Amino acid sequence: MKILYLDCFSGISGDMTLGALVDAGADRHYIEEELRKIQIEPFTLEWKRVNKRGISALKLNVVLDPHTPPAHHRHYSEIVELIHRAGFNERVVKLSLAIFEKIGVAEAKIHNIPIERVHFHEVGAIDSIVDVIGVALAIDSLEIEKILSSAVPLGSGTVHCDHGIYPVPAPATLEMMRGLPIAPTSYSLEMTTPTGAGIVSGLVDEFAKGLPPMIVESIGYGAGTRDLPNQPNVLRVVVGQADPYLNKWQVHHEEFPHEHVHGHHQPEHHHHGHSHEHSHGHHHHGHPHEHGHEHHHDEPSREHGHGHRHHEHSREHGHGHENHSHDDRAHDEDHPHVHHKHANDGPHHTCMRQ
């Protein structure tokens, strides 16, 4: 399974996420070609290699056409229509809408209006629309099947937006992170933007305190706009395969019949003699068990190896342990393969940045 881990130690934003995914190997040409399908004002993508406190990272900038003023805001319903009209594949549409829906629902709740009346300012701008859909295209390009994330630092302090001075995290950001793990930060600034929170709340399947069990294939760093004094302002993403051995160690004992216990008793379709000296018609237990074909694993009736009760067939013939020509120690010595050791035995308006 192809998995993606978002290491949000410096928070997360839309441009940081898209830059990191491209740095990790997402097809930039595919993303740019698909984004041209969006029927909005002209724009271009600018990719720059920058250094954030010693970390080489990819910085994405959405450059607008200076001769075409952008729309100030867009309603949630307009953005949904833009995505549906673009002709993206089904998965890109689903991922894009999942992010915008989380933002729209949060804004509707904060402003106490129906989601249809929600209109976005910063998130409705071209750069945020490009970031969200670009992230969906990058995930599609990388063929990611499951997304995990670290706890997310949101930041503190205040931020200026269309409504004035707002607390950090922005109300929509905090609303989207309800029920999800957040992390503390000493920085009095916005570490996670509403778009970043929409990506986390809309796409992440699981949260982990560190890297999950996986085979790492690629690593990407996406740069934020600011420079932090004590750490690189980057989002790290790790792409790889889920640990192929993980499921092999998650076998539950109850999945196997408890009566599947290996011993010397033969299935019922083997007829014993009337004197029943436990010869089984093929061999006696006085010699090592050399007949592999006699050890039938398709019958749950052999119960000698794990301390379970004897099968009724054994009792009907009256041949308990005392009727054998050997004791259990001899049986263990002569039949070393019948006692298997099981390791798992046991009991609407937004004040948003991208």
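N112 is found in the loop between helix 4 and strand 5, the latter spanning residues 119-120, and in this predicted model the phi angle of N112 is near 55 degrees, a positive value in a residue other than glycine. With a relative accessible area of 70%, N112 is exposed, because the cut-off for that class is an area over 50%. A second residue other than glycine with a positive phi is E143, for which the angle is near 55 degrees. E143 is placed in the loop that links helix 5 (126-142) to strand 6 (146-149), and, at a relative accessibility of 58%, E143 counts as exposed.

Two further backbone features concern a glycine and a proline. Helix 1 is followed by G25, whose phi is likewise positive and lies near 120 degrees. The peptide bond that leads from V168 to P169 is cis, its omega being near 5 degrees, and P169 itself belongs to the loop between strand 9 (164-167) and helix 6 (171-176).

The confidence of the prediction varies along the chain. The average pLDDT of the protein is 78, and 68% of the residues reach a score of at least 70. Over residues 260-353, by contrast, pLDDT stays under 50, and for this stretch the model has 158 contacts beyond four places in sequence.

Helix 7 was examined with respect to its burial and its packing partners. Of the 10 residues of helix 7, 9 are buried, so this helix is largely enclosed by the rest of the structure. The buried residues are P194, T195, G196, A197, G198, I199, V200, S201 and L203. Two packed helices are described by the angle between their axes and the distance between the axes. For helix 4 (residues 90-111) and helix 7 (residues 194-203), the angle is about 115 degrees and the axes lie 8 Å apart, and the crossing of helix 4 past helix 7 is right-handed. On the side of helix 4, the residues that meet helix 7 are L95, A98, I99, K102 and I103, and their counterparts in helix 7 are P194, T195, G198, I199, S201, G202 and L203. The residues of this contact comprise 7 nonpolar, 4 polar and 1 charged.

Helix 5 also packs against helix 7, here at an angle of about 35 degrees and with the axes 11 Å apart. This crossing, too, is right-handed. The contact brings S128, V132, V135 and I139 of helix 5 together with T195, I199 and L203 of helix 7, and its residues divide into 5 nonpolar and 2 polar, with no charged residue. T195, I199 and L203 are thus listed in the contact with helix 4 and again in the contact with helix 5.

Helix 1 shows a comparable degree of enclosure, since 9 of its 10 residues are buried, so that helix 1 is largely enclosed by the rest of the structure. The buried residues of helix 1 are G14, D15, M16, T17, L18, G19, A20, L21 and V22.

Ahead of helix 1 in the sequence, S10 lies in the loop that runs from strand 1 (2-7) to helix 1 (14-23). S10 has a relative accessibility of 1% and therefore counts as buried. The side chain of S10 makes a polar contact of 2.6 Å with the side chain of Q231, and the side chain of S10 also reaches the backbone oxygen of P232 at 2.8 Å. Apart from neighbours within four places in sequence, the residues in contact with S10 are M16, P153, M191, L228, Q231, P232, N233 and V234.

P232 is located in the loop between strand 12 and strand 13 (234-242), and at 17% relative accessibility P232 counts as buried, because the limit for burial is an area under 20%. When neighbours within four places in sequence are left aside, P232 is in contact with F9, S10, K52, R53 and I55. P232 and A57 are separated by 175 residues in sequence, whereas their C-alpha atoms are 9.5 Å apart in space.

Strand 12 (residues 214-223) contains S218, whose side chain reaches the backbone oxygen of A24 at 2.8 Å. Beyond four places in sequence, the contacts of S218 are with A24, V237, V238 and V239.

Key:
Residues numbered from 1 in each chain as written. Predicted model: local features only at pLDDT ≥ 70, side-chain atom pairs only at ≥ 80, totals over all residues. Heavy atoms only, no water. pLDDT = per-residue confidence, 0-100. Contact = heavy atoms within 4.5 Å. Axes fitted to C-alpha atoms, helices over the stretch in contact; angles between N-to-C directions. Helix = DSSP H or I, 4+ residues; strand = E, 2+ residues; numbered from the N terminus. Left-handed = near helix turned anticlockwise from the far one by under 90°. Nonpolar A, V, L, I, M, F, W, Y, C, P; charged D, E, K, R; others polar. Buried < 20%, exposed > 50% of the residue type's maximum accessible area, 1.4 Å probe, protein only. Polar contact = N/O pair within 3.5 Å; in protein donor to acceptor, adjacent residues only side chain to side chain.
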